[in-house]
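Here are some notes to read alongside the model, written for someone meeting it for the first time. Take them in any order you like.

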Amino acid sequence: MVARLVIAAPASGSGKTTVATGLMAAFARSGLTVSPHKVGPDYIDPGYHSLATGRPGRNLDAYMCGPDLVAPLFAHGARGCDLAVVEGVMGLYDGASGLGELASTAQVSKLLRAPVVLVVDASSQSRSVAALVHGFASWDPEVRIGGVILNKVGSDRHEALLREAMEDVGVPVLGALRRAPQVDTPSRHLGLVPVAERRSDALDAVAAMGEQVRTGCDLEGLLALARTAPPLGAEPWDPADGMSAADRPARGSVRRPVIALAGGSAFTFSYAEHPELLAAAGAEVVTFDPLKDEQLPPGTDGLVIGGGFPEVYAAELSANERLRKAVAELARSGAPVAAECAGLLYLARSLDGQPMCGVLDADARMSGRLTLGYREAVAVRDNSLAVAGTRLRGHEFHRTVIEPGAGADPAWGVVHPERRVEGFVQQGVHASYLHTHWAARPEVARRFAGGCAR
């Protein structure tokens, strides 16, 4: 059994990330082994969680992976830890649009049987905070709000008024945090700037978050609350469960296929389970940085390029002509190449006028429009990731457009919330805006690794 807390809020912008990351850092500094988790599809916050704990930040997404996988994925990530801290998404009860509680922080807290700590932005209220907390605590009796952290408190007098108001609610105040500019993290067009782009400053910010939480919160009370979580009763997810014995070459008998995984500052979006699945399928996963490395890793048999911010580094990516040519040559050879969002842009002919790899006859550019939301999609034809007719759920999150939006053989037919085709399939290349979580469909990793082995 792992002690656990879910850090939630009434709305976005209340300070969940600061408090959750600060708690992770404070507890890790005290000597506990802390497992970091994030509700929803967000890639950026887990990077800060990883800095705070020294462990991979992992996502718990009930839409993409299904409710039944939430507890097993949590147990996998938290195995051997003293404490798990789960940062929520949006407001506590906000989930996938039009689908009730699905993918909400509230649903995940129930699936994990975990107490919730509500982070409240108290900057413009006093007694009203009690009514707000009472409403959230009573809305769903299956959601156990075990404590409140008052954030952005203005003064000692303000804190006293807030604590007095909370006395009649029956939910303990487990912290009060003043406004602290030193813990702020810079934002950009898709949210916080990723850790990989500002590692030194990010380390300082995480340390400041940890110190703010240590001095402003009742860590003993929070840990005691976390330890009230009952046994979870879920077997940890195992990436090998979706693989057959044939997927795992006998030790020393055959060469493991080498799959290059793009990383570095331009490609920071990747779920921790993806390389675990590829390794379970018999592959050797090697990370490389398209901003710095002029060649793919030796012996590369396949390529995975996830999400990130290539639009910020278009000039630098373009300047690395040797790597662009190596990627194009690999794609022309028919080797499996899986590209999501940022990877799609990198494979295009150009991005904001800068030459890219030229694998796809398409051009990409920044736009003023944010495309955001869950999608349900079906594979249009057999490809390196899936057979035709495979259905899965994914997520789009970008401010770019690519023209045309789909090739002669599209990657996906989106069936919800609208009907359209998108992406590109050509030879071994599968390129799309859709982010997917392979834990929901381990056969995707198995098929891709198998194609690389062949």
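Which residues of α2 are buried? Point 1 takes this up, after a word on the source: what you see is a predicted model.

1. **Helix α2.** The buried residues of α2 are I44, D45, P46, Y48, H49, L51, A52 and T53. That makes eight of the ten residues of α2, so the rest of the structure largely encloses this helix. If you follow the chain just past the end of α2, you come to G54, which has a positive phi of about 75 degrees.

2. **The second largest pocket.** Helix α2 also matters for your tour of the open spaces, since α2 gives five residues to the lining of the second largest pocket, the most of any element. This pocket has a volume of about 650 Å³. Its lining is made of 25 residues, and the closest to the pocket centre are G47, F267, T268, F269 and S270. Two or more lining residues come from each of α2 and β10. Sorted by class, the lining has 15 nonpolar, nine polar and one charged residues.

3. **A stacked pair of tyrosines.** Now look at the loop that leads into α2. A pair of aromatic rings is described by the distance of the centres and the angle of the planes. For Y43 and Y271 these values are 4.5 Å and 25 degrees, and the pair is stacked. Y43 sits in the loop between β2 (34–39) and α2 (44–53), while Y271 belongs to the loop between β10 (258–262) and α9 (273–280), so the two rings tie together parts that are 228 residues apart in sequence. Both Y43 and Y271 are buried.

4. **An edge-to-face pair.** What do the rings of F269 and F309 do? Their centres are 5.5 Å apart and their planes stand at 80 degrees, so this pair is edge-to-face. F269 is in the loop between β10 and α9, and F309 is in the loop between β12 and α10 (314–319), so parts 40 residues apart in sequence are tied together here. F269 has a relative accessible area of 5% and counts as buried. For F309 the relative accessible area is 0%, and F309 is buried too.

5. **The rings taken together.** The residues of points 3 and 4 belong together: ring pairs link Y43, F269, Y271 and F309 into a cluster. In the whole model the count comes to eight aromatic pairs. Another ring to look up is that of Y63, where R393 lies over the face at 4.2 Å from the ring centre.

6. **Strand β4 and its partners.** Is strand β4 (residues 83–87) mostly covered or mostly open? It is mostly covered, with five of its five residues buried. L83, V85 and E87 point one way from the strand, A84 and V86 point the other way, and all are buried. Strand β1 (residues 3–8) pairs with β4 in the parallel sense over five bridges, and A3 has L83 as its bridge partner in β4. The pairing of β2 with β4 is parallel as well, over five bridges. There, P36 stands opposite V85 of β4.

7. **Strand β7.** Five of the six residues of strand β7 (residues 173–178) are buried, so this strand is largely enclosed by the rest of the structure. Strand β6 (residues 145–153) runs parallel to β7 and is joined to it by four bridges. Within this pairing, L150 stands opposite A176 in β7.

8. **Enclosed spaces.** Rolling a probe the size of a water molecule over the atoms shows where empty space is left. How many cavities of 30 Å³ or more does the structure hold? There are two cavities of that size, and the largest cavity has about 130 Å³ of space. Its lining takes in 15 residues, of which H274, V304, G306, E340 and W438 lie nearest the centre. Two or more of the lining residues come from each of β12 (300–305) and β13 (337–340). It is β13 that gives the most, with three residues. By class, this lining counts ten nonpolar, four polar and one charged residues.

Definitions and conventions. Residues numbered from 1 in each chain as written. Predicted model: local features only at pLDDT ≥ 70, side-chain atom pairs only at ≥ 80, totals over all residues. Heavy atoms only, no water. 1 Å grid on protein atoms, 1.4 Å probe; cavity = no way out; pocket = protein on both sides within 12 Å on 5 of 7 lines; lining within 4 Å. Points joined across faces, edges and corners; volume = space filled by probe spheres on them. Nonpolar A, V, L, I, M, F, W, Y, C, P; charged D, E, K, R; others polar. Phe/Tyr/Trp six-rings, centres within 6.5 Å; stacked < 30°, edge-to-face > 60°. Buried < 20%, exposed > 50% of the residue type's maximum accessible area, 1.4 Å probe, protein only. Lys NZ or Arg CZ within 6 Å of the ring centre and 35° of its normal. Pairing = 2+ DSSP bridges.
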